[in-house]
Amino acid sequence: MNYLTHFFTKESLSSVGKTLWKWWVASFTVIIVAYIITYLVDPDVKKAMNGISKALSVTGEKESYWEGTFTIFKNNWGVCLQVLILSFVPIPFLYAYSLILTNALIGIVVFLTQKSGLSLVHTIFAGLLPHSVLEISTFILAIYYGRKINKIIIGKIRNMFRSEKKNVPQLWRQVKETLIVFICVITPAIFLAAFIEGYLSRFLLNY
């Protein structure tokens, strides 16, 4: 079976579209909740931003556009890889941890941007939207395939305790399909999102 061709079938794209819709709703919910919690806590802007920079391993030194793009790509590619690695742990939705954390950080940063006196509209439309839509969508695509792997592993474990075994797809076939999509679809999309953030967003924000 040509796994990449299968990805672009109408049925597969429809399934991916439904997953994108559900997880985007969840993402907006997390962003809003994180914003509200940060508003209620009302942290010191400088300390909070320094804490986020340390958590994201940001040095604070001004990088060239290409260096910034590569750093962003490496970090986000690592997030997608982490999603797939966590999918092998037989705990439902543990693999979504990275997306939830990313969305929470967006909500926090949006509040801190507003509190610091910067233009919230300009920051969102110039600094977040150009790349975050593609970036988060790619994270969700990784979750889509992570969920498939996770369900197979959990199904095989449950079959160990069933008297009547249920039909469970072959794990190696799903892993192979996931790796092909990861290399041919997810990785290029992550690079494009990093390029947009590293070049276009920085240019629009003048830093």
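## Exercises on a helical chain

Proline 92 is partly exposed, with 48% relative accessible area. The model is predicted.

**Exercise A: the fold**

Task: State how many helices and strands the chain has, and give its pattern along the sequence.

Solution:
- Step one, count the elements. The chain has seven helices and zero strands.
- Step two, read them in order. The pattern is α-α-α-α-α-α-α.
- Step three, look at contacts. Take those with a separation of 6 or more: 83% of them join residues 24 or more positions apart.
- Step four, look at cover. Of the 207 residues, 39% count as buried.
- Step five, look at the surface. The chain exposes about 12,500 Å², and carbon and sulfur atoms supply 68% of that.

**Exercise B: proline 92**

Task: Find where proline 92 sits, and name its contacts beyond four places in sequence.

Solution:
- Step one, place the residue. Proline 92 is in the loop between helix 4 (65-86) and helix 5.
- Step two, classify it. Its relative accessible area is 48%. Partly exposed runs between 20% and 50%, so proline 92 falls in that class.
- Step three, list contacts. Outside its neighbours within four places, proline 92 touches Asn150 and Ile154.
- Step four, compare sequence with space. Proline 92 and asparagine 150 are 58 residues apart in sequence, yet their C-alpha atoms are 7.0 Å apart.

**Exercise C: the salt bridge**

Task: Identify the two residues of the salt bridge, and say which parts of the chain the pair links.

Solution:
- Step one, count. The structure holds one salt bridge.
- Step two, name the partners. Lysine 115 pairs with aspartate 42. Their closest N and O atoms are 2.6 Å apart. The cut-off is 4 Å, so the pair qualifies.
- Step three, place them. Lysine 115 is in helix 5 (residues 97-115), and aspartate 42 is in the loop between helix 2 and helix 3 (45-55). The pair links distant parts of the chain, 73 residues apart.
- Step four, check exposure. Lysine 115 is partly exposed at 38%. Aspartate 42 is also partly exposed, at 42%.

**Exercise D: positive phi**

Task: Describe the phi angle of aspartate 42 and that of phenylalanine 93.

Solution:
- Step one, take aspartate 42. Its phi is positive, about 55°, although it is not a glycine. Aspartate 42 lies in the loop between helix 2 and helix 3.
- Step two, take phenylalanine 93. Its phi is positive too, about 70°, and it is not a glycine either. Phenylalanine 93 lies in the loop between helix 4 and helix 5.
- Step three, add exposure. Phenylalanine 93 is partly exposed, with 48% relative accessible area.

**Exercise E: two residues of helix 2**

Task: Decide whether serine 12 is buried or exposed, then do this for lysine 18.

Solution:
- Step one, place both. Serine 12 is in helix 2, and lysine 18 lies in helix 2.
- Step two, judge serine 12. Its relative accessibility is 5%. Buried means under 20%, so serine 12 is buried.
- Step three, find its contacts. Leaving aside neighbours within four places, serine 12 touches His6, Phe7 and Tyr144.
- Step four, judge lysine 18. Its relative accessible area is 54%. Exposed means over 50%, so lysine 18 is exposed.
- Step five, see what lysine 18 joins. A surface patch of positive charge gathers Lys18, Lys22, Arg147 and Lys151. Helix 2 (10-41) and helix 6 (120-159) each give two or more residues to this patch.

Key. Residues numbered from 1 in each chain as written. Predicted model: local features only at pLDDT ≥ 70, side-chain atom pairs only at ≥ 80, totals over all residues. Heavy atoms only, no water. Patch = residues over 30% accessible without salt bridge, like charges linked within 9 Å, V, L, I, M, F, W, Y side chains within 5 Å. Areas by Shrake-Rupley, 256 points an atom, 1.4 Å probe, with all protein chains shown as cover. Salt bridge = Lys/Arg side-chain N within 4 Å of Asp/Glu carboxyl O. Lys, Arg positive; Asp, Glu negative; His and termini not counted. Charge placed at Lys NZ, Arg CZ, Asp CG, Glu CD. Buried < 20%, exposed > 50% of the residue type's maximum accessible area, 1.4 Å probe, protein only. Contact = heavy atoms within 4.5 Å.
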